[in-house]
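Please examine the following sequence and structure before reading on. The paragraphs below treat a sheet, a helix that lies across it, and the contact of two chains.

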Amino acid sequence: MSTIHKSASELGAALAAQEISAVEVAKEHLARIREVDGQVHAFLHIDEAGALSQAEAIDKRRATGEKLPPLAGVPLALKDVMTQAGIPTTCGSKMLEGWRPPYDSTVVTKLKENGVVILGKTNMDEFAMGSSTENSAYGPTHNPWDLTRIPGGSGGGSAAALAAFEAPLAIGTDTGGSIRQPAAVTGTVGVKPTYGAVSRYGLVAFSSSLDQAGPCARTVLDTALLHEAIAGFDPKDSTSINAPVGSMVAAAKKHDVKGLKIGIVKELSGEGYQAGVKQRFDEAIAALVDAGAEIVEVSAPNFEYALAAYYLIAPSECSSNLARFDSMRYGIRIGDDGQKSAEEVMRMTREVGFGKEVKRRIILGTYALSSGYYDAYYGSAQKVRTLIKRDFEAAFTKADVLVSPTCPTTAFKIGEKADDPLAMYLNDIATIPVNMAGIGGMSLPCGLAPEDGLPVGFQIMSPAMKDELMYQVGGTLEAALLSKWGKPLLADAPALGAK
Amino acid sequence: MAAISRDEVAHLARLARIEMTDSELDHLAGEMGVILGAVARVQEVAGADVPPTSHPLDVKNVYRPDVVVPSLTNEQALSGAPAKDEERFKVPQILGEE
């Protein structure tokens, strides 16, 4: 059997037992990418030579009898928002076309320390702004479940690479749902850790108070393994949490929720949620009850304002963060004819380098931060953020974790919402509150919606610094659903490649 | 609905250093009105007694020890420069020539 259908934990074990080599595993995944990526377009750059030389180095070290970390030799797809020294990093933007960063992000440094083999960089909405990967300057990614549909966003490339069996692991970043929503619509698992748990050094900033990198995979255990590999204090990120990383792997393996209180958030269901999403969500709740969890209903009355607050806070921070793309030190430069001023060149470069959604958000953020409007827009949004934090604090006195559907609907058609920014923003309605409060959030598959046969995501939210809880509940739910279905959800995904 | 004029968008685009065509300005003025109308809801809920939250972590200034550590070489720092002149970034004129 090919290694492409194996989980990262299975591959890690087979590699440790020297049943297979890291080079074989890398080669089979690279072959799979060549076979199917023409249809899926999950990757923007494939680093074949780099991946093979990393794999070779792992095999050599293993041959000497060295004990290696659990993911050594396992391949991974890296979202193109993370720097990797010498490897093109575009963030899905024309602005950075051809740029090769001179340094590794801390996430990449940690992946390398763990012997993880990086296959390439994955497609994304430009600068991580979007929910469909349609905002990439390099063309959309296609959902492996139905190539006419979106894979979610902004990390659609990472999620699609997992669902298409191009890689067993991927890195995502989540500012308002960019890990969890793509996981939901592709039938994969994605985790946004507590804010500050994973270093942001080398993550090209979009909205610094919300951005958080995290693990993506096809199983809860695999995300836990990757979480432990990339998390931890980093002096290069002043918002990095200086505390030991918890035992995510042990929590994912617990398969027990007896005595845990699970809170259903009343406001994250009902109107606007697809019938099949609701049905699969309710079935997952029943499975958790069977596993011994106690279900309570909690209310979070201010969540209805979260989306509005997010679309002021994130654009405000983005308008400031993206000011660095000024055509002076890196990135493209347009119109420098020796006559024009730096400011004219800057304006021309930013006109050409940025796409529609990025410009829309920069202008919106510039407006929200302007004198005269600051208090009414950005100031009010920051107050709403306080109210959302308080809602979570109150809810966590009644429940250990909170749950909801990850998204209101299954994957929509490519192009369907491209001209309606407000409709697009509604995708993130259930994921955004987590970012506003800086807590942990996971999405895992809970079935296919009966009406369209597409994956439905189940979201678990845990208090800040208690990410173990979402792994414990997620691992238990996954095991219960797996025994009910008799096979993983992705076993039902259509075959890709040459017909 | 919060109306926003084309001239206002043009002003914002100047502040943000983005050149925009007339049709882009027109289009964006329409969209901005709709988006601002939707996000203005934040003004309905929070009273004056609610403190703002700018960040999920309650961190104050974080300092590192004042010790010199290795950093990028000049060559590495200049490796992505659109234009360079020996050991420096080369940029278009900043002050007028006249």
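How many bridges join strand 2 of chain A to strand 3 of chain A? Strand 2 (residues 75–79) and strand 3 (residues 117–122) of chain A run parallel and are joined by five bridges. Among the residues concerned, A:Leu78 has A:Lys121 of strand 3 as its bridge partner. The model is predicted: local features need pLDDT of at least 70, side-chain atom pairs count only at pLDDT 80 or more, and totals for chains, interfaces and linings use all residues. Residues are numbered from 1 along each chain as its sequence is written, while chains are lettered from A and ligands numbered from 1 in the order in which they are written.

In chain A, an open sheet of 11 strands follows the order 1-3-2-4-6-5-10-11-9-7-8 with mixed pairing. Strands (E, at least two residues) and helices (H or I, at least four residues) are DSSP runs, numbered from the N terminus; two strands pair if DSSP finds at least two bridges between them. Strand 1 (43–46) and strand 8 (294–298) of chain A each have a single partner strand, so one side of each lacks a neighbour in the sheet.

Helix 13 (residues 375–398) of chain A lies across strand 7 (261–265), strand 8 and strand 9 (401–405) of chain A, and runs at about 150° to strand 8. Such angles run from 0 to 180 degrees between N-to-C directions, with axes fitted to C-alpha atoms, for helices over the stretch in contact.

The contact between the chains takes 57 residues from chain A and 45 residues from chain B, where contact requires C-beta atoms, placed from the backbone, within 7 Å. Helix 2 of chain B gives the most to the side of chain B that touches chain A, with seven residues.

Notes
Contact = placed C-beta atoms within 7 Å.
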